[in-house]
Amino acid sequence: LIMRMRTFYVLVLLTAVVVLAALLQKKDQMMVAKKSAKELLLPTLSNVIDDVRDIQVLTHHGQTHLVKSDSVWLLVSKDNYPVAVDRVNRLLTELSRLERVSAKTKNPRYYEKLGLNSVDEENSRSIKVTLKADQGQELAAIVVGDSRPSPKDSTDISRYMKQAGQAQSWLVAGELSLPRNALGWINTRLFAYEVSNLKRVA
């Protein structure tokens, strides 16, 4: 009987250890997932990235406006000229993967030093990017400031950014292929084809 009791207690103890280990592992996984979500500048963008139908890129010198019609992206500011779809898809993917490196200032007085002051201000270097859905619902909006090369690797470039409407600015890591003007979005292959046709007609 004593042996049976000892065996029973050992089994109970082993079961408790296994259950506790499983709970701790699950907790660690949840904490890692939660931490990863917090590290993204736009943590919810990947969930709605397919809903983006309108992209506005605003600088002190003007606005570039893109809209999606069916499966084609058009440049509104250039008479609905077709846009290179791969550039749009790349931008959206890059935006969804931007990672916060460290928190910076919350004080608007210091935004200019980071290139984050309003595009309405004289000599502003910032770029405001706004993503919207079909009905004009805003999915994401950020302000992109100055870049900062890594002191160890000049090719490793971070940027100062903030979410539009929020005071907190961040040093952010990740690639960002963001043309500053309309010409950077144009499908150059199509443009070259049209020019070639014009030459043949001439």
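This passage goes through model confidence, the surroundings of Arg-87 and the largest pocket.

The model is a predicted one, with local features needing pLDDT of at least 70 and side-chain atom pairs counted only at pLDDT 80 or more, while totals for chains, interfaces and linings use all residues. Residues are numbered from 1 along each chain as its sequence is written, and side-chain values use heavy atoms, leaving out hydrogens and water.

Mean pLDDT (the predictor's confidence in each residue, from 0 to 100) comes to 84 for the protein chain, with 78% of residues at 70 or more. Among the elements (helices are DSSP runs of H or I, at least four residues, and strands runs of E, at least two, numbered from the N terminus), strand 6 (residues 127–132) has the highest mean, 97, and helix 5 (residues 188–201) the lowest, 49. Over residues 192–201 the pLDDT is below 50, and this stretch has one contact (heavy atoms within 4.5 Å) beyond near neighbours in sequence. Where pLDDT is low, the predicted coordinates should not be read in detail.

Arg-87 sits in helix 3 (residues 85–97). With a relative accessible area of 30%, Arg-87 counts as partly exposed (between 20% and 50%, using a 1.4 Å probe and protein chains only). A polar atom of its side chain lies 2.5 Å from the backbone oxygen of Gly-184. Ser-177, 90 residues away in sequence, is 7.7 Å from Arg-87, C-alpha to C-alpha.

As for the largest pocket, its lining splits into six nonpolar, three polar and three charged residues. Among them are Pro-108, Tyr-111, Glu-121, Lys-128 and Lys-162.

Key
Polar contact = N/O pair within 3.5 Å; in protein donor to acceptor, adjacent residues only side chain to side chain. 1 Å grid on protein atoms, 1.4 Å probe; cavity = no way out; pocket = protein on both sides within 12 Å on 5 of 7 lines; lining within 4 Å. Nonpolar A, V, L, I, M, F, W, Y, C, P; charged D, E, K, R; others polar.
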